[in-house]
Every structure is written in C-alpha cells, then in structure tokens.
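Biologist: Please give me a close look at one part of this model: the contacts between the chains. Tell me what lies around that part too.

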Amino acid sequence: MKGNMLVMNKKNFLGTVCVAVALAAVVSACGDGTTRDAGWEFSRNMYDPIAYNPDQLNNNFKNNQTAQIPPVGTTPIGFERFEFENTPEDYQRAGTELKNPLAVTAENLAQGEHLFLVNCAMCHGAEGKGDGAITKDRFVEDSRGRRQLENFPPPPSYAKSTGSVSSRGGAMSDLTAGKIYHTIYYGLNAMGSHASQLNPEERWKVVMYVQELQKK
Amino acid sequence: MRNISSVLGRLAKSISISLVLLFAVTMTSNAQDVKEGAALFKANCTTCHKIDKKVTGPALAGMSARHSEEWLVSWIKNSKAMIDAGDPAAVAIYEEYNKMAMTAFTHLSDDQIKSIIAYVQDEEVKLAEKAASPAAAGAGQSSGANNFMIFGLIAILILAIGVVVVLNRVTRTLEKVIVNNQAAIQAAQASNESFSESRNAKFAKAFLKNKKLVGFAVLMLVALLAVVGWRTMWNVGVHEGYQPVQPIKFSHQIHAGVNQIDCQYCHGGAYKSKNASIPSANVCMNCHNTVTASDHYEGELSPEIAKLYRAVDFNPDTREYGSNPRPIEWVRIHNLPDFAYFNHSQHVSVAGVECQTCHGPIETMEEVYQYSPLTMKWCVDCHKTTEVNADNAYYDQLIEAHEKLKKGEKMTAAMIGGLECGKCHY
C-alpha cells in the first residue's frame with residue numbers, strides 16, 4: 001500500500017514539476033518585452049540630480065516650472081538681440097540693413113546644408129523647391145488602422161528656375177539675406193518661428209545655404 | 001396658317017439648337033476655367049488659404065457671396081492698393097488679420113483670377129454636396145446601428161427568459177429526485193467524507209516519512225527562489241522595455257517615420273548639448289498651427305492636438321494665444337543615474353552614432369519604449385569595440401604631447417591641462 005502510494009506520489013510530483021516548468025516558459029514568453037512599470041529601483045535618490053533639471057517639476061516657483069522665462073527687458077549672457085520687429089517695415093529694413101556676417105566657405109556651406117536638411121527640408125524640400133516630405137500624400141498604418149495624413153501647405157520654391165513669388169512681394173530667388181533671416185526668426189504665413197531651434201550663427205549658415213539654392 | 005406655324009416651328013428649333021450649343025460651349029469653357037483655376041490655386045494660394053478652413057488667411061468658401069467678382073479680382077491683384085485707397089471691406093479684412101497684407105498677384109491676368117474664382121466656387125459646391133451626403137449617410141448609419149442594437153437586445157432578452165424557464169424546470173426535477181432518495185444520499189455522503197479524510201492524512205504521512213523526497217522538494221524550492229531572486233536583483237534599476245503612458249499619444253511612427261522629420265528638428269540638443277532635450281511646445285506649433293488632423297475626426301480638431309492647444313493656450317478659432325500656458329508633463333523614459341555622466345553631443349556629433357543604435361527603431365514606434373538596458377556593461381561593451389576616428393584635432397594635441405615625451409622634453413602639468421578650472425573645481 002505504502003509503496004503504491006509513493007509511486008503515485010513520484011508520478012504526481014514529476015507531473016507537477018513538468019506543468020510548472022511549462023507554465024513558467026509560457027508566462028515568460030508572453031508580451032512584447034515592454035512594461036508600463038519602471039520596475040524595482042535601488043536608492044532612487046541616486047538617480048535624481050541634487051540640482052533641478054530644467055524640465056523638472058519645481059514647487060519652489062508659482063508656475064511649478066524649473067526653467068523660468070527671463071524677466072522682460074533682460075538679456076542673458078552671450079545672447080544676441082535681434083533688433084527688428086515682426087512688421088512689414090522692419091522686414092524691408094532687415095532686408096537692406098542686414099548682411100551675412102559669415103564668410104562663404106565650404107565648411108559653413110556644408111553646415112548650412114546639414115542645418116537646412118534637419119530644420120527646413122521636410123517642408124521646403126532638400127533643394128528648396130517646396131516639395132518636402134510632409135507636403136506630399138502619405139499614409140500611416142498603426143493600431144488605429146491605415147489612414148492618410150494631412151498634407152502641409154507647400155511653401156514657394158527658392159529656385160530661380162521656378163520663378164515663384166514671395167507673399168511679401170518680389171521673386172523668391174531675389175530674397176536678400178536679411179529678409180531670409182527675418183523670416184527664420186519670426187516665421188511667415190504657415191511657417192512658425194525657428195528662433196528657438198537655431199542660434200544666430202546657425203541661422204546665418206542656413207541663410208547662406210538658401211542663397212545657394214536661389215541660384216538653381 | 002400652315003406656313004406661319006412651320007416657320008415658327010423652324011425658328012423654335014434653330015433657337016433651341018443654338019441655345020444647346022451655347023450652353024455646351026459655356027460648359028466646356030467653365031470646365032477649362034475650373035481646371036486652370038485648380039492649377040493656379042495650387043501654385044499661388046495654398047500656402048495661406050484653404051477652401052473650408054481659416055489658416056493664415058480666411059477660408060475661401062463663400063467668398064463670392066461676400067464680395068463681387070470685380071472686387072475679388074482687384075483684391076487679388078493688389079490688396080494693398082485697395083487698403084490704401086480706403087475700401088471699407090478691404091480695410092476690415094486687413095484689420096481682422098493683424099494688418100498682414102496679402103501678396104499682390106499682379107502677374108495674374110483677370111481671366112486667370114476669374115478661373116481661380118471659378119475653381120473655388122466649384123469646390124464650394126462639392127463641399128456643400130459632401131456636407132449634405134455624409135450627414136445623411138451618417139444619420140442612416142447611426143439609425144442602422146440603433147436598430148441593430150435594439151434587435152440584439154430583444155434577442156438576448158428572449159434567450160434569457162428561455163434559459164430561466166428551462167433552469168427552473170431542471171431544479172424542480174432535481175428537487176423531486178432528492179426528496180425521493182434522501183436516505184441513500186446521506187449514506188453516500190458520510191462514506192465519501194471519511195474516505196477523503198483518511199486519504200489526505202495518509203498522503204501527508206507518507207510524504208514526510210520519505211526524507212529523500214522532502215529534501216528534494218526543499219532543494220527545488222531553494223533553487224527556484226535563488227533563480228527568481230538573482231534575476232530580480234540583476235534587473236533592479238534596469239528599465240529596458242519601459243513604456244510609460246504619456247500625457248499626449250504622440251506617435252514617433254507618424255512624425256519621424258512617415259513624415260520623415262529629422263530627429264534633431266525636435267531634439268535639437270542632441271548634436272550640441274549634453275541633453276537631447278524634449279522640444280518645447282512652440283516647436284510642435286510650427287506645424288500644428290495648421291495641421292489639425294480633422295479629416296479623421298469628422299471635421300473636428302483631433303483630441304490629442306487639442307491637448308497641445310490647451311498646453312500653449314491657443315484658440316484655433318481666433319488663432320490667438322492666451323496668457324495661461326500649462327506645460328505638458330511628459331513622463332521620462334530614459335533616465336541615467338545622476339552619478340553617471342552621459343553627453344549626447346559627444347556621441348552624435350563627434351562619434352557620429354545614429355540615434356537608432358541606442359534608441360532602437362524609434363521611427364516605427366507608435367509609443368516609445370526604452371530599447372537599450374542603459375547599464376554600465378552595455379556602455380562598456382560598445383566602448384570596447386568602437387574605433388576612434390583619429391581625424392580629430394583633439395588627437396593632434398595628444399600625439400604632439402607624446403612626441404615631446406619621446407624626445408625627452410620637459411613637460412609640466414600645466415601643459416597638459418593642469419590649469420583648467422574643472423580639474424579641481426567640478
């Protein structure tokens with residue numbers, strides 16, 4: 001009787017182990033490896049900086065932001081002021097008064113091209129012909145199914161060969177450096193201001209490259 | 001009499017034929033106008049205007065109702081001249097759009113402008129038809145859905161009543177059976193209880209007596225705990241696969257993948273600073289001041305883009321910003337401990353590492369997760385195999401310093417950076 005019992009137990013036991021292993025394998029194979037949970041952390045305070053990160057919540061300020069907007073009228077160290085207003089008059093004034101302070105060199109042009117491709121080409125196109133990726137028909141397929149995305153209104157072409165007109169008068173290929181700089185700084189029509197994304201030197205490099213595209 | 005009637009008949013015939021011909025001619029010329037207008041509209045107007053929506057300029061639908069054709073032609077040719085001349089309608093538009101003058105299209109002929117107007121009118125009609133038909137279709141659909149739901153509910157109700165009735169009858173029969181066989185059931189219950197009790201006790205006794213089996217069970221338990229513990233401990237602080245819910249369902253698949261917007265357009269810090277930086281909402285607004293995804297929300301603003309508008313306090317109807325912006329509280333995914341220093345620009349600009357090397361196929365992620373473990377082993381493994389690009393002025397200095405050492409020249413600490421503030425004050 002006892003022997004019988006044990007034989008049965010061993011069988012049961014082995015069976016249980018097999019089932020447990022199989023279950024563990026199945027469970028661990030579940031999911032795509034992503035998790036909503038950050039998991040266990042050891043001494044979380046070693047992850048957090050002692051000083052506040054610029055984008056961190058900060059209860060010391062009224063608006064709970066660490067990065068505060070500088071008081072009106074102040075100029076941060078190393079910051080170059082742009083002394084032209086966003087008006088048609090100042091646009092014309094920038095067009096005549098401002099000159100590109102950078103020399104036209106291969107290096108500046110190469111950097112200008114890179115900055116143009118990163119910051120401008122998705123609308124203006126790699127050659128500035130107003131045929132960037134987001135102005136064309138395109139589709140996405142994701143968890144909400146397949147659908148067409150909205151086309152962004154195409155900007156006019158810079159190229160001389162296409163002869164497009166600027167909405168502020170004159171041919172696009174005749175825009176002066178100052179006018180292009182003014183437009184990068186304030187934006188125009190459907191284009192937003194890119195002043196926060198490009199510093200003055202980078203803007204002038206982009207202007208230099210755009211003036212190359214105008215010749216095409 | 002006969003004569004007169006035949007003459008009249010002929011006259012009527014010829015008139016009707018000429019009318020038909022005239023109509024056909026005007027129709028074809030109209031179609032041509034619309035076609036030419038469409039091309040001109042695309043080339044000159046779409047930067048600022050949409051037919052059905054106010055963008056930089058006003059929505060064009062209904063413009064022929066608001067202004068005469070003559071007025072429109074003169075406005076499109078040179079709006080500034082009309083404003084300067086003090087035309088009341090022109091000045092009103094100028095004031096409404098913050099004194100932004102429309103481009104003067106002096107190079108367009110009157111006929112060209114008229115064909116643009118014809119195109120806009122044609123689109124207007126199409127729009128009105130579309131507005132009428134989907135509304136009807138939608139209504140039909142929704143009532144269809146309602147009917148379907150009502151029929152479904154009725155079917156479920158009937159089914160439920162049927163089940164209740166059947167179950168009721170089954171219970172009644174069973175109750176009858178129990179009443180008839182009470183004695184037999186009690187006897188069977190008693191014997192069953194005693195049997196199971198004795199069986200469990202016997203099993204436990206036999207198991208505990210077998211020391212080998214107990215030892216084996218304990219060993220297995222310890223091994224299991226050890227494996228689980230080991231794995232858990234190695235994964236403490238490792239956030240690989242972490243995919244938190246973000247406040248806005250921003251899809252990198254759409255923006256970086258389909259739209260081909262460069263990573264650095266939004267994460268502009270990646271090539272020039274320690275942090276890749278989360279874009280401020282004004283960067284989003286560069287496109288989303290016009291892109292509302294309303295095609296997919298029956299002409300309404302997408303709820304996710306609405307969250308962005310709320311964050312920057314932008315009113316899409318007046319197209320003005322308010323004074324009460326509220327930052328978007330994105331949940332940080334990649335978080336290196338504060339004691340480890342990592343610099344994005346060193347990796348992106350100097351080493352030329354692709355974003356995808358560490359962040360994985362980000363352009364296909366509808367929802368971003370952490371692709372790499374970001375452990376020290378992971379960093380070290382890559383640094384062990386990455387070859388340094390020696391075309392860098394930094395290494396020229398290094399080589400120069402080594403040459404000096406080889407020649408036996410004197411070298412002070414100051415010459416190799418010993419006077420840099422950061423060497424002591426960090």
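Modeller: The contact side comes after a short look at chain A, and the cores close the answer. This is a predicted model, where local features need pLDDT of at least 70, side-chain atom pairs count only at pLDDT 80 or more, and totals for chains, interfaces and linings use all residues. Residues are numbered from 1 along each chain as its sequence is written, with chains lettered from A and ligands numbered from 1 in the order written.

Chain A has six helices and two strands (DSSP runs numbered from the N terminus: H or I of at least four residues, E of at least two). Their order along the sequence is α-α-α-α-β-β-α-α. Of its 216 residues, 25% are buried (20 or more other C-beta atoms within 10 Å; exposed is 12 or fewer, partly exposed in between; C-beta placed from the backbone). Take the contacts in chain A with a separation of 6 or more: 54% join residues 24 or more positions apart (contact: backbone-placed C-beta atoms within 7 Å).

Now the contact side. Here 46 residues of chain A meet 53 residues of chain B. On the chain A side, helix 1 (2-29), helix 3 (106-119) and strand 1 (139-142) each give two or more residues. Helix 1 of chain A gives the most, four residues. By type, this side of chain A holds 23 nonpolar, 14 polar and nine charged residues (nonpolar: Ala, Val, Leu, Ile, Met, Phe, Trp, Tyr, Cys, Pro; charged: Asp, Glu, Lys, Arg; polar: the others, Gly among them).

F152(A) shows this boundary at one residue. It sits in the loop between strand 2 (145-148) and helix 5 (177-186) of chain A. Beyond neighbours within four places in sequence, F152(A) contacts C123(A), I134(A) and T135(A), and also C287(B), T290(B) and V291(B). F152(A) is partly exposed because 19 other C-beta atoms lie within 10 Å. D137(A) is 15 residues from F152(A) in sequence and 9.5 Å away, C-alpha to C-alpha.

Next, the cores. The largest nonpolar core has 36 residues (buried Ala, Val, Leu, Ile, Met, Phe, Trp, Tyr and Cys joined through C-beta atoms within 7 Å). Helices 3, 4 (121-124), 5 and 6 (200-214) of chain A each supply at least two residues, as do helices 10 (263-266), 11 (281-288) and 12 (303-312) of chain B. Helix 6 of chain A supplies the largest share, seven residues. Among the members that touch the most others are F116(A), I180(A) and Y181(A). Beyond four places in sequence, Y181(A) contacts A94(A), L98(A), R203(A), W204(A) and V207(A). Another core, of 19 residues, lies apart and includes W75(B), A90(B), I93(B) and I113(B).

Methods: Contact = placed C-beta atoms within 7 Å.
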